[in-house]
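Biologist: Could we go through the charged pairs and a helix in this model?
Modeller: Certainly; the structure is shown here.

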Amino acid sequence: MTITIYGITTCDTVKKARVWLESHDVPYRFHDFRAERLDAKRLDGWVGKVGWEKLLNKGSTTFRELADADKQGLDEKKAKALMLAKPTMVKRPVLEVGDRVLVGFKPEAYEKAVGK
């Protein structure tokens with residue numbers, strides 16, 4: 001089973017999730033949004049599984065700094081365009097476990113997803 005965690009290295013929640021995975025001997029690959037970007041096909045897959053509303057982090061500094069016009073009339077198309085342009089707007093971390101997608105870090109959800 002392939003496990004990939006997506007986020008940015010400076011995010012505290014991503015750090016906690018990575019520590020949890022390592023302390024439970026769960027092998028994973030880390031994908032840094034800043035270094036490796038985010039492709040549209042992957043984002044479409046996530047949106048199809050969990051919805052754009054769950055993925056778009058409206059509390060992020062990047063989102064809060066957007067012009068009001070960019071925040072108005074948010075729908076799936078506009079939200080995806082924003083997240084592709086500025087991946088730091090994606091709620092972190094995103095964990096792919098096989099074909100499952102988890103957004104955010106909750107130890108109990110990780111335990112269930114990876115069987116630890």
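Modeller: A salt bridge is a side-chain nitrogen of Lys or Arg within 4 Å of a carboxyl oxygen of Asp or Glu. In this predicted model, the side chains of arginine 29 and glutamate 36 meet in one, at 3.4 Å from N to O.

Biologist: How many salt bridges does the structure hold?
Modeller: Five.

Biologist: Which parts of the chain does the pair of arginine 42 and glutamate 96 link?
Modeller: Their side chains meet at 2.7 Å, N to O. The pair links distant parts of the chain, with arginine 42 in helix H3 (residues 40-50) and glutamate 96 in strand E3, 54 residues apart.

Biologist: Is glutamate 96 buried or exposed?
Modeller: Glutamate 96 counts as buried, at 13% relative accessibility, whereas arginine 42 is partly exposed at 31%. Elsewhere, Asp44, Glu76 and Lys80 are joined into one network by salt bridges that share partners.

Biologist: Turning to H1, which residues are buried there?
Modeller: Val14, Ala17, Trp20 and Leu21. They cover an arc of only 125° around the axis, so they lie on the same side of H1.

Biologist: What covers them?
Modeller: The cover includes strands E1 (3-7), E2 (29-32) and E3 (94-97), together with helix H8 (107-114).

Biologist: And which exposed residues sit on the face turned away?
Modeller: Asp12, Lys16, Val19 and Ser23. Aspartate 12 also forms a salt bridge with lysine 15, their closest N and O atoms being 4.0 Å apart. Both lie in helix H1, three residues apart, which is about one turn of the helix.

Notes
Residues numbered from 1 in each chain as written. Predicted model: local features only at pLDDT ≥ 70, side-chain atom pairs only at ≥ 80, totals over all residues. Heavy atoms only, no water. Buried < 20%, exposed > 50% of the residue type's maximum accessible area, 1.4 Å probe, protein only. Helix = DSSP H or I, 4+ residues; strand = E, 2+ residues; numbered from the N terminus. Arc of directions from axis to C-beta. Contact = heavy atoms within 4.5 Å.
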